[in-house]
Amino acid sequence: MGLRDDLERFREVGEERREDLADFIQYGDLGQSRPGEINIPVKIVSLPEFEYDQRDQGGVGQGEDGTPDAGQPVGQPQPQPGDDDGEDGEPGEEGGEHEYYEMDPEEFAQELDEELGLDLDPKGKKVVEEKEGPFTDLTRSGPNSTLDFERMFKEGLKRKLAMDFDEEFLRELCKVEGIEPREVFEWARGESLPVSMAWIQEAYDDVPDEERGKWDSIEDVEENVERESVQQKIRREGVKHVPFRREDERYRHPEIIEEKEKNVVVVNIRDVSGSMREKKRELVERTFTPLDWYLQGKYDNAEFVYIAHDADAWQVDRDEFFGIRSGGGTKISSAYELAQELLEEYPWTDWNRYVFAAGDSENSSNDTEERVIPMMEQIPANLHAYVETQPSGNAINATHAEELERHFGTDAEDVAVAYVNDESDVTDAIYDILSTEGERDE
């Protein structure tokens, strides 16, 4: 049963890796990963294999002095002191080896799309390459190898169906006693036959004198002469009689596909005021880090800007962003003023933009309504998001997130507000943020 169990376990690894991904976002050690490399802890399966005993001592069923001892496994020596995990053994001093599955941000983004059911399709702006796609375009000239024969045949077949008729039946009508060419033509028009008066006149003139008056009436012809449809005629004559014309020829040409470089700049804003305690900072990191990885995997060229703020704002590097702690009051608008200035280096015509901010929703009086909201509306971006982290519940003056929701509404196409009170809220917050962008692109 051991081999069968291990094989079944191996088949389950793919699904478990996705479960590990979700657990890692919520509870994993984010420090195990570096920019451009994501280490997801997984349960590695080792398939069973046979190994030969390299020891020379002893034989089958032999104990010491060649006499087997009761209960001794075949080919194995007697247990020695310190061999088991009992008190006689020395405690281990080396750490255990933990296994990680290493993925790049692009693979991480794909896994997260599948895990959360996301459908974010980044839009490129600048054309960096044109390449040949499938042969879907048609031109009037080209090499014979690209001639669209199927289309040409269909055009010829449609023409034959539209223009052909049962010539022999009309010739028989011309033999009716006392009939005139005009009467034959009127009958053909009533039957929607594509025949000209000139053709009927010529067929009438060609009738031999001895055959005139062969039929008493048109009804007499209809009763005694079987009409042949165009479809029956094509089956009888074969496709060689399908008329092809020069104007039917089309040559397949490859579609020219424009490859656009997908550039993105992500502005991460974090409150580092005195109220942002360690647990709040950890929740910010748990939310922002997977977002950074995801967007890095979605775009060809990803730039990240980190802004810290209390009552003032300043630019920091990534390590400082997640570790810094300041003090004093809070003025969130200072961060948006700096973001607006820094985004001048990333024109909206060439760059996709994301502005993510996080804090405990505490802000100076009237700053959200009078400064932050107008600036969010002025700064063009694919998505503005604010993440509130309040592990101990909402403080009385923590109203920034609520004010944003009140102003923009819960169904805004380019503004998302998420609440993270503990690790279990992280995955839902990421989904709320990224699915808002996905809806905007649909």
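I began with Ala418, which is buried at a relative accessible area of 1%. The model is predicted, so I read every value below as computed from it.

**Entry 1. Ala418 and its surroundings**

I placed Ala418 in strand 12, residues 415-420. Which residues touch Ala418 once neighbours within four places in sequence are left aside? I found Tyr386, Val387, Glu388, Ala429 and Ile433. I then checked Ile433 by distance. Ala418 and Ile433 sit 15 residues apart in sequence, and their C-alpha atoms are 7.2 Å apart.

**Entry 2. Cys174**

Next I went to Cys174. Cys174 belongs to the loop between helix 5 and helix 6 (181-190). Is Cys174 buried or exposed? Cys174 counts as buried, because its relative accessibility is 2% and the cut-off for buried is under 20%. I listed the contacts of Cys174, again without neighbours within four places in sequence. They are Ile179, Val184, Ile200, Ala203, Tyr204, Val207 and Arg212. For Val184 I noted the C-alpha distance to Cys174: 6.9 Å, with their positions ten residues apart in sequence.

**Entry 3. Salt bridges**

How many salt bridges does the structure hold? I noted twelve. I looked up three of them.

- Arg171 and Glu168: their side chains form a salt bridge at 3.9 Å, N to O. Both lie in helix 5 (residues 167-173), three residues apart, so about one helical turn separates them. An α-helix has 3.6 residues a turn, so residues three or four places apart point the same way. Arg171 is partly exposed at 28% relative accessibility. Glu168 is exposed at 51%.
- Glu172 and Lys175: the closest N and O atoms of this salt bridge are 3.1 Å apart. Both residues are buried.
- Arg371 and Glu337: their side chains form a salt bridge at 2.7 Å, N to O. Arg371 is in helix 13 (residues 367-378) and Glu337 is in helix 12 (residues 333-342), so the pair ties together parts 34 residues apart in sequence. Arg371 is partly exposed at 37% relative accessibility. Glu337 is also partly exposed, with a relative accessible area of 35%.

I then followed the shared partners. Glu172, Lys175, Glu211 and Lys214 are joined into one network by salt bridges that share partners.

**Entry 4. Helix 13 against helix 14**

I stayed with helix 13 and turned to its packing. Helix 13 packs on helix 14 (residues 400-408) at an angle of about 55 degrees, and the axes are 11 Å apart. That angle makes helix 13 oblique to helix 14. I noted the crossing of helix 13 and helix 14 as right-handed. Which residues meet there? From helix 13 I wrote down Thr368, Glu369, Val372, Ile373, Met376 and Glu377. From helix 14 I wrote down His400, Glu403, Leu404, His407 and Phe408.

**Entry 5. Helix 3**

Last, I checked helix 3, residues 105-116. Helix 3 has twelve residues and reaches 16 Å from its first C-alpha to its last. That is close to the 16 Å expected at 1.5 Å a residue. Which of the residues in helix 3 are buried? I listed Pro105, Phe108, Ala109, Glu111, Leu112, Asp113 and Leu116. Just after helix 3 comes Gly117, and I noted its positive phi of about 70 degrees.

Definitions and conventions:
Residues numbered from 1 in each chain as written. Predicted model: local features only at pLDDT ≥ 70, side-chain atom pairs only at ≥ 80, totals over all residues. Heavy atoms only, no water. Helix = DSSP H or I, 4+ residues; strand = E, 2+ residues; numbered from the N terminus. Expected span 1.5 Å × (residues − 1). Buried < 20%, exposed > 50% of the residue type's maximum accessible area, 1.4 Å probe, protein only. Salt bridge = Lys/Arg side-chain N within 4 Å of Asp/Glu carboxyl O. Contact = heavy atoms within 4.5 Å. Axes fitted to C-alpha atoms, helices over the stretch in contact; angles between N-to-C directions. Parallel < 35°, antiparallel > 145°, perpendicular 65-115°, else oblique. Left-handed = near helix turned anticlockwise from the far one by under 90°.
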